[in-house]
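You asked for a reading of this model that a newcomer could follow with the structure open alongside. The points below take up ring pairs, enclosed space, strands and one helix residue in turn.

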Amino acid sequence: MKAKAAKADFAYLRIADTIEEQILNGTLEPGQKLPSIRTICREYGISQNTALSAYHTLEIKLLIESRPQSGYFVRFSKRRLPSLPAVTNPAAIAHDADNDRIVQAVYESLGEEGHLPLALGFPANGLLPVAKLNKSLAQAARSLNGSAVSYEKTEGNERLRQQIARWSFAMEANLSSSDIITTNGCLNAISYCLMAITKKGDTVAMESPVSFGMLQLAEVLGLKVLELPTDPQTGVDINALEDALRKGQINCCLFISNFSNPLGSCMPDEHKKQAVQLLTNYSIPLIENDINGDVYFGSKRAKSCKTYDEAGLVLWCGSVSKTLAPGYRVGWVAPGKFKAELNRMKRYHTISNASLTQAVIADFLETGRYEKHLRKLRQTLQANLHQYSTTIAEYFPEGTSASRPQGGFVLWVVLPEEIDTMLLYEKCLQAKIGFAPGRIFTLQNQYNNCLRLNYGLIWNDKLKNDLQYLGELISNVNLI
């Protein structure tokens, strides 16, 4: 009976993926009528419930719509989307920038009552399985030895590490529990990595623009940052990376390979393979921030750079902070040949992680509840992204462009050059609308006309109206 149900599940997803691909590549055009439920059943040899599930999946993603007594029609249109931003072209040398002041201003507005939190980079609580997490937390407290008050091993909870290793099979990485060390979130993992493999004055290569958290961490550790040109769809420019390696400009790399923050770019698997081969040739380590890798909108998870790592030079970092439980602070790293150094850093700074939260995440991974949650979350986020993109196309000023992420939580918006998003930010705070100004995603004087939006919120009339208001404010207020 279970096998039959699993087969039906696979069938409806396969059909939905096929139709989705035809819509996205233009084979099926906006307004075109889709085959009837009866036709789908006959052509694919499936039940009516399975066919309805396939169409319902596409409806949730806002790709099709049902018209009473008429059937199903294609809804999605690329013509209604903003144009794509250009490839970034950062200068070779960073300028002094007071990013800390700007980042602090952004954080100070978070959590204030009535504020629209577009500046965040993770989903709203309403999109997370809070009740199930609370239930698992109570169960873990009862079942763990000593009620979870004892120290864990430095490497982390064994059951959790086993489940992370099993989970990595989706990206075709050959990992075991002994390859993994748990951490207090992904940024903590990256911090350990940088402390283990760099020294003050070293240069770290990153995408540009890039997460302000990683920029601030590099600055605190006394590291220089080389910002590399980045394509909004395919990620870091491989030729620019090769040129920097040939000139001996970098000591390590720190990339968000899948659905980067803030561009949402995803390095094609072939680019990942090329990058790892290049870095291996020059014996340069790569810290891979793969925190968004599970939030993909396609049919399967993208591979990671770690997939192609044969020399142990890729330090693969992940977490559930963006997908399941931000406050649990459960992350991990597979540090390759640098495991001893990473263990040492963790002993110095943390000793071990909280037992309860690790046990809960292990349980979610082991029982399949995490994957079930992710399927729903992916559908919601993809639908949200489409709503954001069409709203931006309609209400933001002419000349606005926006990224088209295939996963993750954030959208990069490029406004006309005369718009200063720091001045815009101050005005929007008065209207209780927060976003992340583009200036904080670089150490250079650039991206002043850009901003990052979080589409991991619950879409409703208020959110739509606030986005429209933001666009109208940009269009009507002189910010030159």
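**Notes on the predicted model**

1. Trp316 and Trp332 are both buried, and this is a convenient place to begin, bearing in mind that the model is a predicted one. The rings of Trp316 and Trp332 form an aromatic pair of the tilted kind, with 6.5 Å from centre to centre and 50° between the planes. Because Trp316 belongs to strand β11 and Trp332 to strand β12 (residues 331-334), the pair ties together parts that are 16 residues apart in sequence.

2. The two tryptophans also appear in the description of enclosed space, since Trp316 and Trp332 are among the residues that line the largest cavity. The other residues of that lining are Trp167, Asp290, Asp294, Arg301, Gly318 and Ser319. Strand β11 (residues 314-319) gives the largest share of this lining, namely three residues. Sorted by class, the lining of the largest cavity holds three nonpolar, two polar and three charged residues.

3. How much space does the largest cavity hold? Its volume is about 40 Å³, and the count of cavities of 30 Å³ or more comes to one. A reader who wishes to find the cavity in the model may start from Arg301 or Asp294, both of which are part of its lining.

4. The largest pocket should be considered separately, and about 1,000 Å³ of space lies in it. The elements that give two or more residues to its lining are α1 (2-24), α3 (48-60), α6 (158-167) and α13 (369-395). Of these elements, α13 provides the largest share, which amounts to 11 residues. The whole lining comprises 39 residues, and those that lie nearest the centre of the pocket are Glu371, Lys372, Arg375, Lys376 and Arg378. By class, the lining of the largest pocket divides into 14 nonpolar, 10 polar and 15 charged residues.

5. Helix α3, named above for the pocket lining, also takes part in a ring pair. Nine aromatic pairs are counted in the model, and one of them joins Tyr55 and Tyr72 in a tilted arrangement, at 4.6 Å centre to centre and 55° between the planes. Tyr55 lies in helix α3 whereas Tyr72 lies in strand β2 (residues 71-74), so this pair ties together parts that are 17 residues apart in sequence. Both tyrosines, Tyr55 and Tyr72, are buried. Elsewhere, ring pairs link Phe212, Trp412, Phe441 and Tyr447 into a cluster.

6. Is strand β5 (residues 203-207) mostly covered or mostly uncovered? The strand is mostly covered, with five of its five residues buried. Thr203, Ala205 and Glu207 point one way from β5, while Val204 and Met206 point the other way, and the residues on either side are all buried.

7. Which strands pair with β5? One partner is strand β6 (residues 224-228), which runs parallel to β5 and is joined to it by five bridges. Another is strand β9 (residues 252-255), which pairs with β5 in the parallel sense over three bridges. Met206 can be followed into both partners, for its bridge partner in β6 is Glu227, and its bridge partner in β9 is Leu254. Glu207, for its part, stands opposite Leu228 in β6.

8. The connection from β5 to β6 deserves a separate look in the viewer. Together with helix α8 (residues 212-220), the strands β5 and β6 make a right-handed β-α-β unit. Strand β6 is also mostly covered, with four of its five residues buried.

9. A last point concerns Asn465, which is found in helix α15 (residues 461-476). With a relative accessibility of 44%, Asn465 counts as partly exposed, because that class covers values between the 20% limit for buried and the 50% limit for exposed residues. From Asn465 to Thr350 the separation is 115 residues in sequence and 45 Å in space, taken C-alpha to C-alpha.

Note on methods. Residues numbered from 1 in each chain as written. Predicted model: local features only at pLDDT ≥ 70, side-chain atom pairs only at ≥ 80, totals over all residues. Heavy atoms only, no water. 1 Å grid on protein atoms, 1.4 Å probe; cavity = no way out; pocket = protein on both sides within 12 Å on 5 of 7 lines; lining within 4 Å. Points joined across faces, edges and corners; volume = space filled by probe spheres on them. Nonpolar A, V, L, I, M, F, W, Y, C, P; charged D, E, K, R; others polar. Buried < 20%, exposed > 50% of the residue type's maximum accessible area, 1.4 Å probe, protein only. Pairing = 2+ DSSP bridges. Right-handed = clockwise from strand over helix to strand, strands pointing away. Phe/Tyr/Trp six-rings, centres within 6.5 Å; stacked < 30°, edge-to-face > 60°.
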